Amino acid sequence: MANTTFNGPVRSENGFQTISINATTGAVTVTGTIGAAITATSTITALSGSGLTAGGAAAFIGTNVAAGMGVYMGSGAPTIAAAKGSLYLRSDGSGTADRAYINTNGSTTWTALTTAA
């Protein structure tokens, strides 16, 4: 199959998929989907030029784990709902008891982690 290079925006009404094709069997496997949400079978790295969200926003959501499990970041104490065990990194923490948090109930309860000075 040929490669295609586009100059300008590419649009789709039904999303995009990345695939891999088994060289022996020809079986097609979807390795990533971009639509209303982005999914992948491997690592996703996302960078944004936007500022931090007060109370938190997702920085990374793990796949094949509890829904919402991930690492979140923001300014101020965390208020975002996330899976139990998720981590939150606070940009404006000023001491060893308000820089990092862990979700303890699978909702909006976060417990501060003590960090080094």
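**Figure 1. Gly-85, a partly exposed glycine in the loop between E5 and E6**. In this predicted model, Gly-85 counts as partly exposed because its relative accessibility is 30%. The loop that holds Gly-85 runs between strands E5 and E6. Which residues does Gly-85 contact, once neighbours within four places in sequence are left aside? They are Met-69, Ile-102 and Asn-103. Trp-110 is a useful landmark here as well: Gly-85 and Trp-110 are 25 residues apart along the chain, and their C-alpha atoms are separated by 9.4 Å.

**Figure 2. Met-69, a contact of Gly-85 from another loop**. Look for Met-69 in the loop between strand E4 (57-61) and strand E5 (70-74). Met-69 is counted as partly exposed because its relative accessibility is 24%. Lys-84 makes a good second point to find in this view: Met-69 and Lys-84 are 15 residues apart in sequence, while the distance from C-alpha to C-alpha is 7.1 Å. Gly-85, from the previous view, is in contact with Met-69.

**Figure 3. Asn-103, a buried residue of strand E7**. Is Asn-103 buried or exposed? Asn-103 has a relative accessibility of 2%, so this residue counts as buried. Its place is in strand E7. Setting aside neighbours within four places in sequence, Asn-103 is in contact with Ala-82, Ala-83, Lys-84, Gly-85 and Ser-86, and also with Thr-108, Thr-109 and Trp-110. The side chain of Asn-103 also reaches the backbone nitrogen of Asn-105, at 3.0 Å.

**Figure 4. The hairpin of E7 and E8**. Strand E7 (residues 100-103) and strand E8 (residues 110-113) run antiparallel and are joined by four bridges. One pair to pick out is Ile-102 with its bridge partner in E8, Thr-111. How many residues lie between the two strands of this hairpin? There are six, and Gly-106 in the turn has a positive phi of about 75 degrees. Two residues from the earlier views can be found again here: Asn-103 in strand E7, and Trp-110, which is in contact with Asn-103.

**Figure 5. Strand E6 with its partners E5 and E7**. Begin with strand E6, residues 87-90, which runs antiparallel to strand E7 and is joined to E7 by three bridges. Leu-87 has Ile-102 as its bridge partner in E7, and Tyr-88 stands opposite Tyr-101 in E7. In which sense do E5 and E6 pair? They pair in the parallel sense, over four bridges. Here Met-73 stands opposite Leu-89 in E6. Ile-102 is a handy residue to follow from strand to strand: it is the bridge partner of Leu-87, and its bridge partner in E8 is Thr-111. In a regular strand, side chains alternate between the two faces of the sheet.

**Figure 6. The salt bridge of Asp-92 and Arg-90**. Side chains of opposite charge can pair when their charged atoms come close. How many salt bridges does a search of the whole structure find? The search finds one. The side chains of Asp-92 and Arg-90 meet in a salt bridge, with 2.7 Å from N to O. Asp-92 counts as partly exposed because its relative accessibility is 39%. Arg-90 is partly exposed too, with a relative accessible area of 21%.

**Figure 7. Asp-98, buried without a salt bridge**. Asp-98 lies in the loop between E6 and E7. This residue is buried yet has no salt bridge. What is the nearest side chain of opposite charge? It is Arg-90, 4.1 Å away. A salt bridge needs a nitrogen of Lys or Arg within 4 Å of a carboxyl oxygen, which is why this pair is not counted. Two backbone nitrogens are found beside the side chain of Asp-98: that of Ser-94 lies 2.9 Å from one of its polar atoms, and that of Gly-95 lies 2.8 Å from a polar atom of the same side chain. Not counting residues up to four places away in sequence, Asp-98 touches Arg-90 and Gly-93.

**Figure 8. The whole chain, for orientation**. The protein chain has eight strands and zero helices. Buried residues make up 16% of its 117 residues. Its accessible surface comes to about 8300 Å², and 56% of that belongs to carbon and sulfur atoms.

Terms used. Residues numbered from 1 in each chain as written. Predicted model: local features only at pLDDT ≥ 70, side-chain atom pairs only at ≥ 80, totals over all residues. Heavy atoms only, no water. Pairing = 2+ DSSP bridges. Buried < 20%, exposed > 50% of the residue type's maximum accessible area, 1.4 Å probe, protein only. Areas by Shrake-Rupley, 256 points an atom, 1.4 Å probe, with all protein chains shown as cover. Lys, Arg positive; Asp, Glu negative; His and termini not counted. Polar contact = N/O pair within 3.5 Å; in protein donor to acceptor, adjacent residues only side chain to side chain. Contact = heavy atoms within 4.5 Å.
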